[in-house]
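Reader: I am new to reading models like this one. Could you take a close look with me at how its pieces pack together?

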Amino acid sequence: MNKRTCTALAAATAAVLALGATSCSTAKRQSGGGQDGKNPAAAHEGAAIGGTPQKGGTLTVLSNQDFTHLDPARNWVMNDMDFGTRLLYRTLVTYRAAPGTEGGKLVPDLATDLGTPSDGAKTWTFHLKPGVKYEDGSPVTAQDVKYNVERSFSPDLPGGSDYAARYLAGAEGYQGPAQGKHLDSVRTPDERTIVFELRKPFAEFPNATAMPAFAPVPQARDKGPQYDNRPFSSGPYKVDAYDRGKKLVLVRNDQWDPKTDEVRKAYPDKLVVVMGLKANQIDDRLIASQGADASAVSWGALRPESAAKVLPDAAVRERLLAESQNCTDMVQMDTGRAPFDDVRVRRAVQYALDRDAVLTASGGPAFNDPSTAYMPATLFDGKQPDTLKIPATGDTAKAKEFLKEAGKPDGFSTQLTVSSGDKGRAEAIQQSLAKAGIKVTIETVDPSAFYATIGDTKNRTGMVYTGWCPDYPSGSTFLPFVFDGRYIKEKGNSGNHSLFRDEAVMKRMDEIAAMTDPQQAARAWRQLDGEILAKAPAVPVLVRRWPLVLGTNIAGAYGHTSFAGQIDYATVGLKDPAKSRG
């Protein structure tokens, strides 16, 4: 999901912090840097912290930023999707509420099952459960799901997932339901049946319907871009108050029926998201865990600087989650304009970049693994290949050779846009590229505006630092979204921030997508990853963990593998609700 671009959501300005000696071998870094080969930050990987929550109380979320989008048609950032689909609205199917690999399994949500294919998986039919209601007691209908799918095409609602645009028949040129225009390829024979007609077979379509774009929105409640401020609830909570950039308060939706919902536990009575806090203050408050902060969690990841306060302290470390994000951070270059339209220049950046320095700036090996491929290790049976064999510290001499071949022996100047939370990583990139003569100016953007900024293809900088996460364990949810040039948008562009258009690559993507053998397709995606890497539209840098320190009164918390390691808001709650405030 960009988005499974989740990298812009880092909570703070990162600074260089080596958790181990700088002479650590690459092998030790990959294992996490512990003396026994175990990652001290990942003791609870695949497990929940705090036991089973008690019902009631107020769960507080401390954040340094607002949400990017809560409108389900626009919500395609990992943390926001977790929050939205676990608390505010339901989708046709969703992910199991469980730590570890179990969390990657699909289960029915609004639908009675995972969908029924026909016509060789070109048609998919879902039936909605009876008794699912909105916050006003009105029933959720198939027409509401169809309407939100159509809304996701609207030019004034950019940022959402584009599975519908990629796969629905007759969707080319569709601009949303304005003026009463509707998609013939989404049919609703009755209020509890929805049928999707695809332009080509897609056996993985149920996975796509876990996206927020497949949540219901009643047309009468739609307020266009303003719907972001007050989505209408079909989930266990509803919006009580939302002061953008300051505070969001959710209270129970008394029309939500847990008998229709096997996923969401809805333990707290209330959730309060406090925004605009300084990231260092969030870390310090949760480490101390005093008063109301004992019943709090962090929205963003622990800052690298704070790791030294956490890892040596066994008591605090017991409250640390650090699930892998399963997302690859990348430097993406604008291949459509000079100098990055020259593959030799792009390869110079590949070789000049010191991934080891960026890893150190990200908090060291306890919180990160270096990346040698685009797709994360989970799509390579657990280990990324290293096809280019570029040293983790880069190869400045080789980078200079490429620049000389490209007619730029003295290097060149460019700009790099990053989320403010990635500034420390950007500075490490800046310093390593400077050694090859590539002079980089860093432009930082507030996380809530980051995707809109880099999605403006006419006005963006030459390089951006972002990332991508597979929506589910398939290369079809990674490489086409990051490197298929047919879906680049002038505004609201997501995924393909290198603006990469390569006919041979796109043809091969279509061939793989048509394969009916999943294992054959998996092997083909892996091979294509290396072929694209050789064309260097982007430089893979690292795969992060999502370190979160919890308050001492938090229970039922784990990092969900399908939401980039963020807390699963379907199950988190409090040990003792009476101790919470709010």
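Author: Happily; here is a walk through some helices and then a sheet. This is a predicted model, in which local features need pLDDT of at least 70 and side-chain atom pairs count only at pLDDT 80 or more, while totals for chains, interfaces and linings use all residues. Residues are numbered from 1 along each chain as its sequence is written, and side-chain values use heavy atoms, with hydrogens and water left out.

Let's begin with helix α2, residues 78-88 (helices, H or I of at least four residues, and strands, E of at least two, are DSSP runs numbered from the N terminus). This helix is mostly covered, with 11 of its 11 residues buried (under 20% relative accessible area, using a 1.4 Å probe and protein chains only). Among them are Asp80, Phe83, Arg86 and Leu88. The buried residues of α2 pack against β2, β8, β9, β10 and β17 (contact means heavy atoms within 4.5 Å).

Now compare α6, residues 279-288, where Ala279, Ile282, Asp283, Leu286 and Ile287 are buried. Looking down the axis of α6, you find these buried residues within an arc of 125°, so they line one face of the helix (the arc is that of the directions from the helix axis to the C-beta atoms). An α-helix has 3.6 residues a turn, so residues three or four places apart point the same way. The cover over the buried residues of α6 includes β1, β11, α7, α8 and, once more, β17. Just after α6 comes Ser289, which has a positive phi of about 55°.

Next, two helices that pack on each other: α15 (503-513) and α16 (518-535) have axes 10 Å apart and an angle of about 170° between them (axes are lines fitted to C-alpha atoms over the stretch in contact, and angles run from 0 to 180 degrees between N-to-C directions). They are therefore roughly antiparallel (over 145 degrees). Residues making this contact include Val505, Met509 and Ile512 of α15, and Trp525, Leu528 and Ile532 of α16. The contact residues divide into 10 nonpolar, no polar and two charged.

Last comes an open sheet of four strands, ordered β4-β5-β7-β6 with antiparallel pairing (strands pair if DSSP finds at least two bridges between them). β4 and β6 stand at the edges with a single partner strand each, so one side of each has no neighbour in the sheet. From one strand to the next, the twist averages 20°. Three bridges join β4 to β5, and Ser118 has Thr123 of β5 as its bridge partner. Helix α3, residues 142-151, lies across β6 and β7, running at about 170° to β6.

Key:
Parallel < 35°, antiparallel > 145°, perpendicular 65-115°, else oblique. Nonpolar A, V, L, I, M, F, W, Y, C, P; charged D, E, K, R; others polar. Buried < 20%, exposed > 50% of the residue type's maximum accessible area, 1.4 Å probe, protein only.
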